[in-house]
Each structure stands twice: as structure tokens, then as C-alpha cells.
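Got the viewer open? Let's take a walk through this one, selecting a few pieces at a time.

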Amino acid sequence: MESNSDVDLDPNKDDLPLRANTNHILVRHYVLDLTVHFERKVIGGSIVLFLEPAIGSCKQGEPGSVSKTEVQNGSQVSSKHDLSSPITPEPNELIPSEEPSCLSGGNDVSDVFWGDESEEFNLVLDCCDLMVSKVEEVDVTTVSNLKELLVDHRYANADHLSSSLVQRLVSMPSVCWRSQHELYLQCSRSPTVLNAQPLRFHMDQWSLQVRKEGVCSSHDFPSAVRIWYETKPTGGSVRWTKDQDSRCCVYTMGSPINNRALFPCQEPPVAMSTWQACVRAPCDYIVLMSGENQAIPKPAETGFLQWDYYVTMPMPASTFTIAVGKWLEAGVNVPNFEVEKTDETCVKVLSADQQYVCSHMDYPCRFMLSAARTQTVIPHRVFAPPCHLQKAKDMILPLLPLCMTAAHSLLGVHPFSRLDVLIVPSGFSSLGMASPHIMFLSQSVLTGERNLCGARLCHEIAHSWFGLAIGARDWTEEWISEGFATYLEDALWNHVQKLGYREAEEQRRLKALLRWRRLSDELQNSEVELQVLRPNKENTGEVSESGASLVKHALNPEKPFMQVHYLKGYFLLKFLADQVGEEKFLHFFKVFVGKFHGQLILSQDFLQMLLDTFPAMSSRGIRLETIFSDWLDTPETPEWLRDSCSEWSQTPVVQEVREEVAKWIHFSGSGGKGSKRKRSGPKVNFKELSPEQLVLLLEFLLEEPKLSLSTLRLLQTTYNLQAQDAEVKHRWCELAVKHKHTAAYRDVELFLIHDQAMGVYLYGELMVQEDARQQALARRCLSFIKDDMDQSARSVVEEMIL
């Protein structure tokens, strides 16, 4: 048995362990049955895991127990994707297990009696911050409808009937997904095996380990396991907080530890699974979740409603997302806009040679539906707390259909059938987060003009293709998700704005320059180890004999606030587009999606296909090895990027900004006064600038050692800086702090409180000058919001201040 002692991490270390033994056994489906308890800040109930031995696995610890087959492609592909249900099981008389009333004791086994030397098979699940009370084997043989699947009883193993039934269940073809989910649900409510002892389990900091007495092989291990548990109020995956109207809410954070503090699971990306969930919450709360269906609540026990969601597309457990709060739905304010809908009862299946070829495991794939090909906009809803509802209506609702249409035009079929958008509480640590069927947005995107909101929507929508429909097989290759989304947000947003070629190219160069400046600053002020896009280099994607691995730097508190994977990944794609032309490059994206949707990839999968498609690149010295050495495996800045930034600086829209900067510097040097005849205002006529130009202008002015207070005051009124978007306000706050413009300290305070996703390092600026008033401002803001801050942000800020 593999020892866990070598990967028991000190909480202060920055590598995250993935303990699940996915090379031995795989979770194919989860059924969650949970209740949200706001008074105790816990989510409790049960989760049933449907398990299948990994291909090639044998007795744990024996030679040859490592599967040589990529587990995410373990199922045969079906070309039939009819969403109708040919089988409708009759309701079954089920006896659910009694939920434990106390979450202490149970069948937990202490360290003394567990022991690594046991020959018994271990099911190892990623888990932390959970209170597990019982683990039990589910008797699926009590489900009469399930037995009907074993038409030919010659293939039923009498000694392992339960395993035979579950294996038949998980291998049902995608055309039967409705029946399959109904059977999963019936099985999840089955009693425990008669006269069977609870399964023994042991928990350490990062895992839950389960054994059955006398079982030494994954093939003999129970195929359906129920775990009774509760989350902890301080669990790292679940955020209990208050919304902007001071009402209780809870949501999953997408933190480095993903969902392991929400439910025991297999966290490695290769453990692709489906799930269905029943969640009960108080009647005045709405439950949003990553599910294909738009759940309709139904009465549960007194004072609670039940919300049921499901997914049929196998996904990593990390993509499961939930948000429960007293959200309000924004009404549609575009009455003439028709949302196309897919009629699931009469879809036409595409032939294999019509643009897409499914190479993934079998599931009801939207890429193979003719109706999905023409569905430019998927059904969508927007939710927000009451205080932001009108802003969400005015800003997000009109933009969503435009951004979806642009994405469909450039990338093809929407991988997911619907989308909910939620304005999350102010303590959310980023501008947005995309999950299947649900998107979180920071309130910071609701201010100013529509540019920041539109670009962020495009970024998160792009993740439906790159990050979700196509994911990284190794978590350290974040650039595959974030670099692609950053590159595509420009292409999609330019499409939304209907920019001509010249104007679009100028906008691309302006944004490239801004990103280069941000990347340069980050490379100068961060740890070298965090600047490498492929920290595992040639070992990327490799795991131990059991499937366990470590995610380098994942727990470093500074990493969530770094953008190197976004920016350097974006520049790598921009470099590649420069070699083949943007139009051809974007077309290649669509071809790549057609081939790899529903799968997990490594960098070389994308890069090699690109090099094969455009062989002329190799004649210019651009090969897989050079891309790795120049871009992915080193913290160095590639020569192309250093040369290109000077070219971007010559763009007309950038030159226009430089001219305005010169005016401001001259105005400041003259004491900020106009002629004696016009004391009411200066002679200078300042041009109107776009939000991106304003950001660049303020960045240039930040490089000036001194600006007069009258200049700062005029800057504020000329551009109405308090009403600009969060990117502009961030630079304005930096200027106010640098030049100790006390009249703008209120702007700084409001920014730190309401734009927490962007204000972390502004605390450092307030502390570095050792100005008593600025330091007091920083401490006051932290004291006011610390209880609602993201934990990573709070730890970084406290280190700056304390």
C-alpha cells in the first residue's frame, strides 16, 4: 500500500496534494442529497458514489496496477445522441438509510489501528474540512428496475451481483441518460447491505480513506458507497458570508482546493464524472447550481424547498458549483429578442463528417445536435442582490445575447445548454468565474461604461470552450484555460462592438500594451517560481502509481492574485497568431474545438496540432521544443514580446494618449493655472478618451515623480473618475495614494471596500510610504470588511499591514 506520510503537508507549504487513487478506481457518478443550514453555517446530508475499477487495475500494490489507458477516454464513443428516453422505469419501493443524528464516532478508525501496512484495498478520496460520520455499502440489488439491465444473466457475476449491476448502469448508452439518472437516484436511496458492517474509514488533513474488511482489490470493492457528512463553517471550499444587502448566503469559491471541503470526491481532472443533486434550502432562498436543467423548486420538509439539478456531460469534480442566497432575478428588458430553444424530442443527429467528430466518452453531446448548431444564444438568466438588480438589468442583460452570439460565430456550438449569471458578494476574489451552466461576476463590472463588463462576459463565456468543454489534464497548466480566454475576450468583444479591421487592430494593440505593462510589473515583483507556465516541465501530466500527485504552488497565498498565466498565455497565443494570421488562427480554434471537445489536454496537444496544420512555422524555427523553452518552461520574457511592445507603443490610439499626458505634465509644471484672463479654468482642451486609454493615461502619469494637487483635482473632474470602471478607478486610487491627495482618500476607501477583487495590492501602496493617515485608512478598511473577505485576500493583506 502506498504511504501517505510523504505527502502530508504543512499548511504553510504551497503545494496541494491530490490524493485520490484514480489509477485504481474511478467515481463515475455522484448523487448528492444535501440540506443547507444557515443557522449553523453547514451543509449536511449524504453523497453516493458509483465506482468502477480503473482499466488495468488489480490488487493494490501489485506490479502492473497502473492503468495505461487515459481514464477520461475510457468509454466507447457512441454516434447516437437522441435525447429521448426509451426506458421509463416504474417507481420503486425504496428504504432510505436513516441519516445519522450525530456526526461524531461512527465507523472512523484512529491512526493507531489504521496502518499503512494493511493489504486491504483503500478507496482514497480528496477531502478536507468535512465531518464524516458514516460510510456504508449501498445494496443496489433491491432496485428491481436495475436488474432488468442484466438481460443476459450469463454475464452476471453471482458473487458480485451488485458490481455487475452498477457496471451495467454506468455503461448505459447516452440515448438512455434519463433512465440512467432515474436508476442512479433509485440506487442512491437503497438501504445498506443487509447485516453488513459499516465500511471502515480514516481521515487525515487532505483525504478520506475507506476500506472493506477482507477486500484487497478494487474489483472486489463495493461499487456503490454512501457517505454521511457535514461541511464545516470554515471549510476552504465553501464561503459563508452576507450579500450586499446584508442577507446570509453561501457559495463555492473555486479556491485552490476546489470542492474537497464541499463533498468527498476525486479531484484530479482525469476523474471525469456526472452528477445529480437534491439540495434543500429555506423557502426564501434560491439555489443556483451547475446543472443542465433549470430547477423548479418543490416543497420539502416544513420551511424548506427542494431543488434538483443534474449534468450528463462528464466533468472534473472541481467544476461543480453552487450558490444559495436571497437573490432576485433580473427581468428581460429586450422584449424583441427571441431566444432559440432546442426541442429535445425532435433533434437531428449530425453525421460524423459534418464539422465535428466526437472523440470523447459517450454522453449526449450538443456538438452533434443540428438544433444546437443554429442556437446562437442559449437560454439565460441574471441574478443579483436587490441593491444591484437594476444595474444588472441595465448592464448585463443587454450584453449577454451579444456576447453569446459573438462566441457562437467564432467558436461554434455552445457546449452547454443554458446559463445563469450571478452577481456574487463583494468579498469575491476575482472579476468572474465560469462553471458549467453558471457564471459568477463581481459587482466591480457594473460601474462605468460597458467595456469592462462586456470584456469580462466575453472572457467567462470563452471558458465554456476553453476551460470547461476542453480542460487541462494537469492543473499546473492554467494557461490552457486562462490564456485562451484572455486572447478570445478581445476577439469576441471586438465582434460585439462591430469594429472595422483598422479600429479592431488598434484596440488589440492598445490592450496588448496594457497587458505587457501589467506582466512586466508582475515579473519584477513576484517569485520566479510562480512565473513559469509549466512548472513540472517534461513531467507535466505524470502521476504516482496510484494516480496521486501534487499541484505545485497551488496553496501559495499570492498565486490567486497573479496574472502570469492569463497574460503570458495570452501573449503566446498572440505570437502564434502573428505567425499564421489572426483569421486563420481563429478558424483553427474552431477546428481544434471540433476535435477535442469533451476531453482533457496538455499543451502539446494544442501546439502539435497547430504546427501540423501550419507546417511553414517549423521552417521559421518554431517547433514544439522551442515554444516550450521560450514560453512555457522559463520565467524569461521571449524576444518577440520585447520587440512587439515597442511596435504597440506606436499605435495611433496610444500616441493620442501620450499627447494628452504631455498636456497634463505641462499643466502640472505650470502650477496648474491657466492665463490671468481665464482664471475659471485652464486653456488646455483635453480630448475624450476611451476607458482603456484612460487606464494608460493614468499609468503614464503614475510614472511622474510629482503632480500638483490642482492637476489631480482637474484630472478627477475632467474624466469624472469616480464614475469610471474599476480598472480606471484602481489607477486613480494609486495616483491619490502616491501623491497623498487627501481629498481623494474617500475614493480609495470606497474602492477597497466595494472592489475587493482588485484592491489587494493597493493596501501595500498605502503602507509603503509610512504615512500615518494612509496606514490608518488601510487598517480601517481591513477592519470593516475582513469578516467578509476572501481568505486568500485577507491573508495577503494582513501580511502587508501587520
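One term before we start: a residue counts as buried when its relative accessible area is under 20%. Keep in mind, too, that you're looking at a predicted model.

**The whole chain**

Start zoomed out, with a cartoon view. The protein has 802 residues, and 60% of them count as buried. Colour by secondary structure and you have 23 helices and 23 strands to look through. Switch on the surface: it comes to about 32,700 Å², with 50% of that belonging to carbon and sulfur atoms. As for contacts with a separation of 6 or more, 77% of them are between residues 24 or more positions apart.

**Stop 1: Thr319**

Now select Thr319 and show its side chain. You'll find it in the loop between strand S14 (304–315) and strand S15 (322–325). Is Thr319 buried or exposed? Its relative accessible area is 9%, which is under the 20% cut-off, so Thr319 is buried.

What does Thr319 touch, leaving aside its neighbours within four places in sequence? Select Asn259, Trp275, Ser290, Ser435, Pro436 and Leu468: these are its contacts. Try a distance label from Thr319 to Ser435; their C-alpha atoms are separated by 5.8 Å, although the two residues are 116 apart along the chain. Then look at the side chain of Thr319 again, which reaches the backbone oxygen of Pro316 at 2.7 Å.

**Stop 2: the sheet with S15**

Follow the loop on into S15. This strand belongs to an open sheet of four strands in the order S9-S10-S15-S12, with antiparallel pairing. At the edges are strand S9 (238–242) and strand S12 (286–289), each pairing on one side only. From one strand to the next, the twist averages 15°.

Zoom in on S12 and S15, which run antiparallel and are joined by four bridges. For one of these partnerships, select Leu288 together with Ala323, its bridge partner in S15.

**Stop 3: the five-stranded sheet**

Next, select the strands of another open sheet, this one with five strands in the order S16-S17-S18-S20-S19 and mixed pairing. Its edge strands are strand S16 (328–329) and strand S19 (432–435), each of which pairs on one side only. Inside the sheet, strand S17 (residues 380–384) and strand S18 (residues 419–423) run parallel, with four bridges joining them. Pick Phe383 and you can find its bridge partner, Leu422, in S18.

Add helix H6 (residues 389–411), which packs on the sheet and touches S16, S17, S18 and strand S20 (438–441). The direction of H6 makes about 155° with that of S17. Then add helix H7 (residues 451–462): it packs on the sheet as well, touching S19 and S20, and its direction makes about 145° with that of S20.

**Stop 4: strand S5**

Select strand S5 (residues 130–137). Six of its eight residues are buried, so S5 is largely enclosed by the rest of the structure. Seven bridges join S5 to strand S8 (residues 224–231), and the two run antiparallel. Show Met131 with Glu230, its bridge partner in S8.

**Last stop: two helices**

Finish with helix H9 (residues 501–524) and helix H16 (residues 652–669). Their axes are 8 Å apart and they pack at an angle of about 60°, so H9 and H16 are oblique to each other. To see the contact itself, show Glu506, Leu510 and Leu513 of H9 along with Pro652, Val653 and Val654 of H16.

Methods. Residues numbered from 1 in each chain as written. Predicted model: local features only at pLDDT ≥ 70, side-chain atom pairs only at ≥ 80, totals over all residues. Heavy atoms only, no water. Buried < 20%, exposed > 50% of the residue type's maximum accessible area, 1.4 Å probe, protein only. Contact = heavy atoms within 4.5 Å. Polar contact = N/O pair within 3.5 Å; in protein donor to acceptor, adjacent residues only side chain to side chain. Pairing = 2+ DSSP bridges. Axes fitted to C-alpha atoms, helices over the stretch in contact; angles between N-to-C directions. Areas by Shrake-Rupley, 256 points an atom, 1.4 Å probe, with all protein chains shown as cover. Parallel < 35°, antiparallel > 145°, perpendicular 65-115°, else oblique.
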